[in-house]
Amino acid sequence: MRNGQPESVNSLLKVTSLQAIQERSIKLSTLDHLLKKLLPETLSPQCKIVNYRQGILIIGVSSASWLTRLRYEQEKLRTQLRQHGLSGLSSIQFKIIPELNQNKAILHSAQNPLYNRKMTPQSAQYLLDLADTCPTNLKNSLIKLANHVTKIDNK
């Protein structure tokens, strides 16, 4: 565009640096899909490939608790990644990235089976019976919790 003439997108993509960025992006995306297949079902949504350079794979994790679970899988994961074509992998590093945490949206949605749970009248009666034997503060809390059933039934 030095001449003031527009250039086609194809000619811009042929530039080696832009093409290298595109190839790297595709490679990282492919690695991310492989990672999701190799990890346990509960762990895979919490992880994402951040980078791969000089034989070091960097995986982003949504929280420290998920990182702990991922560390238990680290050796198995390294072996599996090497078997699936990442033979130059020397180590795996982890980085906590809170933005990956999608649990907040899931916890408060109708998709979560815990969201729509309701207490049965029988459970409320158990709480009331238990409240009779508890100290005052706990007794008041249990009674309040048991009263939620009557509010739900009246709606």
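In helix H5, which spans residues 121-131, the buried residues are Ala124, Leu127 and Ala131. They share the same side of H5, because the arc they cover around the axis is only 60 degrees. Gln122 and Tyr126 are exposed. These two sit on the face of H5 turned away from its buried side. The helix belongs to a predicted model.

The protein chain contains six helices and three strands. Read from the N terminus, the order of elements is α-α-β-β-α-β-α-α-α. The chain has 155 residues, and 28% of them count as buried. Contacts were also sorted by separation in sequence. Among those between residues at least 6 apart, 51% join residues at least 24 apart. The exposed area of the protein chain is about 11500 Å². Carbon and sulfur atoms supply 55% of that area.

Leu70 lies in helix H3, which runs over residues 64-83. Its relative accessible area is 0%, so Leu70 counts as buried. Residues up to four places away in sequence are set aside in its list of contacts. Leu70 then touches Leu39, Leu43, Cys47, Ile59, Val61, Leu77 and Phe94. One of these partners, Leu43, is 27 residues from Leu70 along the chain. The C-alpha atoms of Leu70 and Leu43 are nevertheless separated by 7.4 Å.

Helix H3 also holds a pair of charged residues, Glu75 and Arg78. Their side chains meet in a salt bridge, with an N to O distance of 3.0 Å. The two residues are three apart in helix H3, so about one helical turn separates them. Their surroundings were compared next. Glu75 is exposed, with a relative accessible area of 51%. Arg78 counts as buried, at 13% relative accessibility. A search of the whole structure finds one salt bridge.

Asp32 is placed in helix H2, residues 16-38. Asp32 is buried yet forms no salt bridge. The nearest side chain of opposite charge is that of Lys48, 4.1 Å away. The cut-off for a salt bridge is 4 Å between a side-chain nitrogen of Lys or Arg and a carboxyl oxygen of Asp or Glu. Apart from neighbours within four places in sequence, the contacts of Asp32 are Cys47, Lys48 and Ile49.

Cys47 thus appears among the contacts of Asp32 and among those of Leu70. Cys47 is buried, with a relative accessible area of 2%. Cys134 also counts as buried, at 18% relative accessibility. A disulfide is a covalent bond between the sulfur atoms of two cysteines. With a cut-off of 2.5 Å between cysteine sulfur atoms, the count of disulfides comes to zero.

Two loop residues were then examined. Gln54 lies in the loop between strand E1 (47-53) and strand E2 (56-61). Gln54 is not a glycine, although its phi is positive, at about 50 degrees. The residue is exposed, with a relative accessible area of 76%.

Leu100 lies in another loop, between strand E3 (91-96) and helix H4 (103-107). Leu100 is buried, with a relative accessible area of 15%. With residues up to four places away in sequence not counted, Leu100 touches Pro45, Gln46, Lys48, Gly60, Val61 and Ser62. Among them, Gln46 is 54 residues from Leu100 along the chain. The C-alpha atoms of Leu100 and Gln46 are separated by 6.4 Å. Val61 is a contact of Leu100 and also of Leu70. Lys48, touched by Leu100, is also in contact with Asp32.

Definitions and conventions: Residues numbered from 1 in each chain as written. Predicted model: local features only at pLDDT ≥ 70, side-chain atom pairs only at ≥ 80, totals over all residues. Heavy atoms only, no water. Helix = DSSP H or I, 4+ residues; strand = E, 2+ residues; numbered from the N terminus. Buried < 20%, exposed > 50% of the residue type's maximum accessible area, 1.4 Å probe, protein only. Lys, Arg positive; Asp, Glu negative; His and termini not counted. Contact = heavy atoms within 4.5 Å. Areas by Shrake-Rupley, 256 points an atom, 1.4 Å probe, with all protein chains shown as cover. Arc of directions from axis to C-beta.
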